[in-house]
Amino acid sequence: MRALTGRRIVESPALRPLLLLIALLVLWQAAVSLFTIPKWLIPAPLEVINEIGKEWPRLWRDGLVTGYASLLGFLMSVAIGIPLAMAIAYSRVIESFLYPILVFSQTVPKIAIAPLFVVWFGFGVFPKVISGFLLAFFPIVVATVTGFKSVDRDMIDLVRSMRASRLQTFAMISFPFALPSIFAGMKVAVTLAVVGAVVGEFVGSNSGLGYLLQIANGNFDLPLMFAALVVLAFIGVLFFVVLEAIERLTLPWHASQRADLAATL
């Protein structure tokens with residue numbers, strides 16, 4: 001019975017990443033202890049956990065600031081990116097004008113232009129939101145354009161032969177067919193929005209995890225730095241998991257969701 005229970009735990013898709021993470025933390029702790037690595041070089045996992053407990057009020061406060069800016073940047077990228085991608089997908093003229101400019105904009109390092117946002121918008125939350133938006137915007141546009149351009153033309157011809165209007169065709173065929181690609185782009189974008197918010201905090205901010213990372217780096221306080229990185233990673237994972245849950249609720253009919261359900265059973 002115990003062997004069967006252990007086998008089920010190992011075979012559980014939800015527990016596999018947790019087991020791998022625990023194994024890596026054990027190896028990390030063993031390596032630091034075995035080679036007596038000083039904490040100012042690489043802190044042990046237990047030291048990082050102690051630092052999280054000691055600095056939790058500060059980490060919580062700065063984590064809320066970074067999470068808020070990341071979420072606003074992501075929502076802005078969704079609100080602007082999806083309609084723009086639809087225009088690009090349905091109009092060759094708009095695509096010929098905008099798509100090359102969008103691709104060119106991604107070649108400019110965001111860390112290089114982030115100081116301009118501080119000059120233009122000050123040290124508030126808006127520069128961080130803009131940084132998150134710029135990193136999250138492009139994956140949503142590319143994935144949405146790909147989704148709408150991949151709609152089955154035979155299905156569109158079928159519903160049009162049944163005298164469906166353009167709006168009905170879009171609501172029943174085009175948009176549902178493109179949703180898996182849109183969610184794929186959003187799942188990439190939501191993690192990049194967190195990175196963008198931290199980039200904005202690096203350049204000019206007096207709060208947030210990026211600001212805390214700069215302070216810890218300046219003081220060579222690696223336990224605090226690792227603690228901030230853990231909280232930052234948790235924010236990104238939390239956003240990703242929430243978005244994936246929304247995808248499962250929205251697209252229960254999609255093949256990937258049915259395959260996951262069958263694997264779980």
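A salt bridge is taken here as a side-chain nitrogen of Lys or Arg within 4 Å of a carboxyl oxygen of Asp or Glu. Glu-244 and Lys-187 satisfy this in the present predicted model, their side chains meeting at 3.9 Å, N to O. The two partners come from distant parts of the chain, with Glu-244 in helix 11, Lys-187 in helix 9 and their positions 57 residues apart. Glu-244 counts as partly exposed because its relative accessibility is 29%, whereas Lys-187, at 16%, counts as buried. The pair also belongs to a network of salt bridges that links Lys-187, Glu-244 and Glu-247.

By this rule, the count of salt bridges comes to five. Another of them joins the side chains of Lys-128 and Glu-201, again at 3.9 Å from N to O. Here too distant parts of the chain are linked: Lys-128 sits in helix 7 and Glu-201 in helix 9, 73 residues apart. Lys-128 has a relative accessibility of 3% and therefore counts as buried; Glu-201, at 0%, is likewise buried. A more local case is provided by Lys-54 and Glu-51, whose side chains meet at 3.5 Å, N to O. Both residues lie in helix 3, three residues apart, or about one turn of the helix. Lys-54 is exposed, with 58% relative accessibility, while Glu-51 is buried at 7%.

Attention now turns to the nonpolar interior. In soluble globular proteins, nonpolar side chains tend to be buried together. The largest nonpolar core in this model holds 34 residues, and those with the most contacts inside it are Leu-59, Phe-74, Ile-140, Ile-182, Met-186 and Leu-209. Two or more core residues come from each of helix 3 (45–54), helix 4, helix 7, helix 9, helix 10 (209–218) and helix 11. Helix 9 makes the largest contribution to this core, at 10 residues. Leu-209 gives a close-up of the surroundings: leaving aside residues up to four places away in sequence, Leu-209 touches Leu-59, Asp-62, Gly-63, Thr-66, Glu-201, Ala-228, Val-231, Leu-232 and Ile-235. Apart from the largest core lies another, made of eight residues, including Leu-102, Phe-133, Phe-137 and Val-145.

The pockets complete the picture. Rolling a probe the size of a water molecule over the atoms shows where empty space is left. The largest pocket encloses about 340 Å³. Its lining comprises 15 residues, and Trp-56, Trp-60, Val-231, Phe-234 and Ile-235 lie nearest the centre. Helix 4 (56–90) and helix 11 (222–250) each contribute at least two residues to this lining. In terms of class, 13 of the lining residues are nonpolar, two are polar and none is charged. Val-231 and Ile-235, both named among the residues nearest the centre of this pocket, also appear among the contacts of Leu-209.

The second largest pocket has a volume of about 270 Å³. Among the residues lining this second pocket are Tyr-90, Phe-148, Lys-149, Arg-153, Arg-160, Arg-166 and Phe-170. Helix 4, helix 7 (126–149), helix 8 (153–161) and helix 9 (166–203) each give two or more residues to the lining, and helix 9 gives the most, with four. The class make-up of this second lining is six nonpolar, two polar and four charged residues.

How values were computed
Residues numbered from 1 in each chain as written. Predicted model: local features only at pLDDT ≥ 70, side-chain atom pairs only at ≥ 80, totals over all residues. Heavy atoms only, no water. 1 Å grid on protein atoms, 1.4 Å probe; cavity = no way out; pocket = protein on both sides within 12 Å on 5 of 7 lines; lining within 4 Å. Points joined across faces, edges and corners; volume = space filled by probe spheres on them. Nonpolar A, V, L, I, M, F, W, Y, C, P; charged D, E, K, R; others polar. Core = buried A, V, L, I, M, F, W, Y, C linked by side-chain atoms within 4.5 Å. Buried < 20%, exposed > 50% of the residue type's maximum accessible area, 1.4 Å probe, protein only. Contact = heavy atoms within 4.5 Å.
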